[in-house]
Every structure is written in structure tokens, then in C-alpha cells.
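Me: Please go through this model with me, one question at a time. I would like each reply to end on the value or name I ask for.

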Amino acid sequence: MNSFPAPARAMVAQMAEAATADPARAIAYQGSPGANSHRAAVEMVPGCLPLPCFSFADAIEAVKDGRAGAAAIPIENSQHGRVADIHFLLPESGLSIVAEHFLRINHALMAAPTADGKHGPFEYALSHPQALGQSRHYLQKRGIKPQAHSDTAGAAAYVAEMRDPTLAAIAPPMAADLYGLDIVENDVEDAADNTTRFLLLAREPLPPETVAGRPAITTFVFEVKNIPAALYKALGGFATNGVNMTKLESYQIGARFAASMFYSDILGAPGDPAVDRALDELAYHSKELRILGTYPQARERG
């Protein structure tokens, strides 16, 4: 609790108390009240009880130990790439992906109220590194130095606590309302189509009938055998069976630098003959293959 800025702690305590009373409705997320992940949680599961957590690992742990029914985790942004290292967090968690959601991101520059109603010039803007990266041209043009914080709304709470006229925060507009800040300028993100993809993680996978007959995404991780052309052979089944692979990312395992794991999304679900044949061929050429979830497609790929 004390990891959150002081202005956020009372709200965090209230939200945690509500979640404790009805954990099945609780959706854990990383960040302070008012963060983009807070928005994503209530959009993904209307009527849920958002549960703020200090880190992504804490949000996942809340689901694992039953304090929350699911966790809303951002994994990639259209402008700044990967957000959470879901590649490392999810495979070992035992959780399953049950939904995806695309959140349009709007950032505002906000600061503590002043007696004369004027703000700036600002020396520093505090925010999550992703938000700073998504607003870097805006900051450069104004000579404002970026300063990383654990989350966007937490940065707003910190600015509210410090009351330093040289400090501003970049955060969702709702954070200004929650922490009593003035919005100096809206829409400070550099791209008008700034969007973040979220995943909803739960203890149990969706039943196959939930996605039957609907456009679906299947996400998995795999490690190919250490032989020449192993990746080429492993992926060949998707081409020959007409299965569209929409994401393929590699990441290292520990400090060995001798083998890579791959994280992938495909269109389709197990049970479809083409998908089953492609996954069987992938498994044949892999040392390890783990399905992380099959869930409804939220946005058309292509």
C-alpha cells in the first residue's frame, strides 16, 4: 500500500476493500486509480471492481491467489511497442488469456493548481516510460525533460503531493479529476491513433464453446529444436494449412543466449482442422509448446 503516492492510498484502500468483499468481480491492474489500465479494466468487464496493484507481477499474483477474478494487462502499444513482458510473466503464471481489448490512449499534461491560474514553464514531466515515449515530440518542442514513474496516474498523484510548480504529469484526463490537478493541455500524445492492446488473464481458460463459430485468436509460446532451419520447418505448417500468424516475437531464456523462445498469435482456434494440423507440425519441430489462451478476436487483423 505504501508504494503508492500518498494522494492515491485512500482510494487504493477503498478499492481493495471492495474487491476483498467480492473477489470474483475484482479485476486486478497495474497502476494507481485513474491509470489507463483502470480504464481498460472497466471497459473490458463492465460492473467490475477494479483492484489497483503496484506491479504487473502483483496483478497476476492477485488472480493466482484468488483476490481477483482476472487481471487486465497491457502488452503492446501502436506507437511504442511492447509494454509488459507478458512473455516472461504469463507462461510461468498458470493463467490463461480469455479476452483482448484495444484502448484508444489520450494523454493530458496536468499540474497542481496555482493561485493565479497560470502554469509553467515546467522543467520535468513525470509519467510511465510508455506515455513519455508516446509524447516525446511534444515534450521536446517545449523543452520539458521526461522523468519516468511507475505509472501514469501514480505520476499525477505524485505531482499533486509535491505541489512543485516546475513539475507536471502526463496521465489520462480522469487522473486530474481524482487528484485535484488542472489540465494544462489535452491530447499531448504524438499520434492521433495511439492505441494499446490489453489482455484479460484468468485462472481458467475459456470453454471451447465460448469461441466456437466466432473469429478467435490463439496465443502460444514455443521453443524450437536446436537444428538447422528449425524455425522455418516449425512455421511451415501454418503456411501450408492457410493459418494466418499475426504476431511472432522472439525472446531470450535467462542468460544462456543459446536458445530463443517465441511468442505468437494466430487467427483461429484449436478444434479447427487447419489449426490443429499447424499446431501438430509446430509441436513436432519444437522442444516445448504451450497454449496461453484462445479468446474472441476484438479487432480484425489484416
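**Helices, a cavity and a pocket**

Reply: Met174 is partly exposed, at a relative accessible area of 28%. The model is a predicted one.

Me: Which residues is Met174 in contact with, leaving aside its neighbours within four places in sequence?
Reply: Met174 is part of helix 8. Its C-alpha lies 8.7 Å from that of Ala153, and the two residues are 21 apart in sequence. Leaving aside neighbours within four places in sequence, the contacts of Met174 are Gly34, His38 and Arg39.

Me: Does Ser32 count as buried or exposed?
Reply: Ser32 sits in the loop between strand 1 (26–30) and helix 2. Leaving aside neighbours within four places in sequence, it has contacts that include Phe4, Pro5, Asp151 and Tyr179. Buried means under 20% relative accessible area. The value for Ser32 is 0%, so Ser32 counts as buried.

Me: How far apart are the end C-alpha atoms of helix 1?
Reply: Helix 1 covers residues 6–21, which makes 16 residues. At 1.5 Å a residue the expected span is 22 Å, and the model agrees with this, the end C-alpha atoms being 24 Å apart.

Me: What covers the buried residues of helix 1?
Reply: The buried residues in question are Ala8, Met11, Val12, Met15 and Ala19. Ala8 is also one of the contacts of Ser32. The cover over the buried residues of helix 1 includes strand 1, helix 2, strand 2 (49–53), helix 7 (152–162) and helix 8 (173–179).

Me: Within what arc do the buried residues of helix 11 fall?
Reply: Helix 11 (residues 273–284) has twelve residues and reaches 17 Å from first C-alpha to last, close to the expected 16 Å. Its buried residues are Ala274, Val275, Ala278, Leu279 and Leu282. Seen down the helix axis they line one face, because they fall within an arc of 125°.

Me: Which exposed residues does helix 11 carry on the face turned away from its buried side?
Reply: The buried side of helix 11 has a cover that includes strand 12 (216–224), helix 10 (230–240), strand 14 (260–267) and strand 15 (286–296). On the face turned away from that side, the exposed residues are Pro273, Asp280 and Tyr284.

Me: Which residue has a side-chain oxygen that reaches the backbone nitrogen of Ala274?
Reply: Ala274 is one of the buried residues of helix 11. At the start of this helix, its backbone nitrogen has a side-chain oxygen within 2.8 Å, and that oxygen belongs to Asp272.

Me: Which helix gives the most to the lining of the largest cavity?
Reply: There are two cavities of 30 Å³ or more, and the largest has a volume of about 220 Å³. Its lining is made up of 17 residues, with Asn36, Val83, His128, Gln130 and Thr152 nearest its centre. Helix 2 (36–44), helix 5 (129–134) and strand 11 (195–202) each supply at least two lining residues. The most, three residues, comes from helix 5.

Me: Which strand gives the most to the lining of the largest pocket?
Reply: The largest pocket holds about 320 Å³ of space. It is lined by 25 residues, and those nearest its centre are Val211, Gly268, Ala269, Pro270 and Thr294. Helix 9 (208–211), helix 11 and strand 15 each supply at least two residues of this lining. With four residues, the element that gives the most is strand 15.

Notes. Residues numbered from 1 in each chain as written. Predicted model: local features only at pLDDT ≥ 70, side-chain atom pairs only at ≥ 80, totals over all residues. Heavy atoms only, no water. Expected span 1.5 Å × (residues − 1). Buried < 20%, exposed > 50% of the residue type's maximum accessible area, 1.4 Å probe, protein only. Arc of directions from axis to C-beta. Contact = heavy atoms within 4.5 Å. Polar contact = N/O pair within 3.5 Å; in protein donor to acceptor, adjacent residues only side chain to side chain. 1 Å grid on protein atoms, 1.4 Å probe; cavity = no way out; pocket = protein on both sides within 12 Å on 5 of 7 lines; lining within 4 Å. Points joined across faces, edges and corners; volume = space filled by probe spheres on them.
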